Amino acid sequence: MKKDLSSRVHLIDEVRGFAIICMVFYHAMYDLVVIFGVDFPVFTSPVMQDILQPLFAGLFIFISGTAGHYSRSNLKRGAICFALGMALTLVTAVFMPAELIAFGILHFLGIAMMLFPLLKRIAVHMPPALGVAAGLLFFWFFSNIPQGSVGLAPFFTISLPRALYGTPYLFALGFPGTGFFSSDYFPILPWMFAFFAGVCFGRLVRDGRCPKWFYRMHCRPLAFVGRHTIVVYLLHQPVCYGLILLIFTLLPNL
């Protein structure tokens, strides 16, 4: 039977699809540069590392917070997402230890989804626009916490006590200890604030207060990808790695 999509907000699916495609593109470049040693200056440029990568990851997390308003059970979705993240940790630890994913985006989204009911209760006590602005402002304030500081860079920063980074057990919160490594790292701080901003924005979407074009279908392929982001995320790395390996095997002088 054909699945009924009439109740979906198609722009959410489309934005999520666009964000996951950007993530796939970024990870394909990562494989080329880090694993296969290709000189690809675009990947290592400040524009890519400091602007585009956080922007597209943040967009994906923001829209995931928005989509939580349409889930039958965020607790169940979150538990499954976190379990898949732990499975990736196990697989990378055993087969690709140099690319270990200790706490990646699936781990984070799993926890964020399970906390959705609490975040929603907080969000209802403030106007949606204020909640979005507050979430983004706090995200900015805590954005450098894994590097040891908070503040509104470049205007001002405050260094945090090094003792917070002296334990190997607080990396999930945003305090990676000495020697910590995760090839995909999305700690609770600051990313929970991007998710919270999406939760606040989702109140507007859920109440039908967005323009009519927001709810229409604009690009069916993007919407399709957006409805299957977990599958795309789980499969894209082995597919990208396998394709690149095949190309370099068939064309060794490339």
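## Exercises on a predicted helical model

In this predicted model, the protein chain has an average pLDDT of 92, and 96% of the residues score at least 70. Over residues 1–6, however, the pLDDT is below 50, and beyond near neighbours in sequence this stretch has 2 contacts in the model. Where pLDDT is low, the predicted coordinates should not be read in detail.

### Exercise 1: helix 5

Determine how many residues of helix 5 are buried, and which elements cover them.

Solution. Begin with the count: 9 of the 10 residues of helix 5 are buried, so this helix is largely enclosed by the rest of the structure. Next, name the buried residues, taking buried to mean under 20% relative accessible area; they are Ile105, Leu106, His107, Phe108, Leu109, Gly110, Ile111, Ala112 and Met113. Finally, look for what lies over them: the cover includes helix 1, helix 3, helix 4, helix 6, helix 8 and helix 10.

### Exercise 2: helix 6

Find which residues of helix 6 are buried, and where around the axis they lie.

Solution. In helix 6, which runs over residues 116–123, the buried residues to be noted are Phe116, Leu119 and Ala123. They cover an arc of only 65 degrees around the axis, which puts them on the same side of helix 6. As a last step, consider the elements over these buried residues, which include helix 3 (46–67), helix 4 (74–95), helix 5 (105–114) and helix 8 (188–206).

### Exercise 3: the largest pocket

Describe the volume of the largest pocket and the make-up of its lining.

Solution. The volume of the largest pocket comes to about 1,400 Å³. Its lining is made of 45 residues, and those nearest the centre of the pocket are Tyr26, Gln53, Asp184, Tyr185 and Phe186. Sorting the lining by element, one finds that helix 1 (10–35), helix 3, helix 4, helix 7 (128–142), helix 8 and helix 10 (229–250) each contribute at least two residues, while the largest share, 9 residues, belongs to helix 3. Sorting the lining by class instead gives 29 nonpolar, 12 polar and 4 charged residues.

### Exercise 4: the largest cavity

Establish which residues line the largest cavity, and which helices each supply at least two of them.

Solution. The structure holds 1 cavity of 30 Å³ or more, and the volume of the largest cavity is about 40 Å³. Around the largest cavity stand Ile20, Met23, Phe60, Ile105, Leu106, Leu109, Thr229, Ile230 and Tyr233. Helix 1, helix 5 and helix 10 each supply at least two residues of this lining, which by class has 8 nonpolar residues, 1 polar residue and no charged residues.

### Exercise 5: Leu88

Place Leu88 in its element and identify its contacts beyond four places in sequence.

Solution. Leu88 belongs to helix 4. Once its neighbours within four places in sequence are set aside, Leu88 is in contact with Leu106, Tyr233 and Leu234. Two of these partners, Leu106 and Tyr233, are also named in the lining of the largest cavity. As for Gly166, it lies 78 residues from Leu88 in sequence and 26 Å from it in space, C-alpha to C-alpha.

### Exercise 6: cis peptide bonds

Locate the cis bonds that lead into Pro154 and Pro190.

Solution. From Ala153 to Pro154 the peptide bond is cis, with omega near 5 degrees, and Pro154 sits in the loop between strand 1 (149–152) and strand 2 (156–159). Leu189 and Pro190 are likewise joined by a cis peptide bond, with omega about 15 degrees, but Pro190 lies in helix 8.

Technical notes. Residues are numbered from 1 along each chain as its sequence is written. This is a predicted model: local features need pLDDT of at least 70, side-chain atom pairs count only at pLDDT 80 or more; totals for chains, interfaces and linings use all residues. Side-chain values use heavy atoms; hydrogens and water are left out. Buried means under 20% relative accessible area, exposed over 50%, partly exposed in between (1.4 Å probe, protein chains only). Helices (H or I, at least four residues) and strands (E, at least two) are DSSP runs, numbered from the N terminus. The arc is that of the directions from the helix axis to the C-beta atoms. Contact means heavy atoms within 4.5 Å. pLDDT is the predictor's confidence in each residue, from 0 to 100. On a 1 Å grid over the protein atoms alone, a cavity is a set of points where a 1.4 Å probe fits but cannot get out, and a pocket is an open set with protein on both sides within 12 Å along at least five of seven lines; lining residues have an atom within 4 Å of a point. Grid points are joined across faces, edges and corners, and a volume is the space filled by probe spheres set on the points. Ala, Val, Leu, Ile, Met, Phe, Trp, Tyr, Cys and Pro count as nonpolar, Asp, Glu, Lys and Arg as charged, and the others, Gly among them, as polar.
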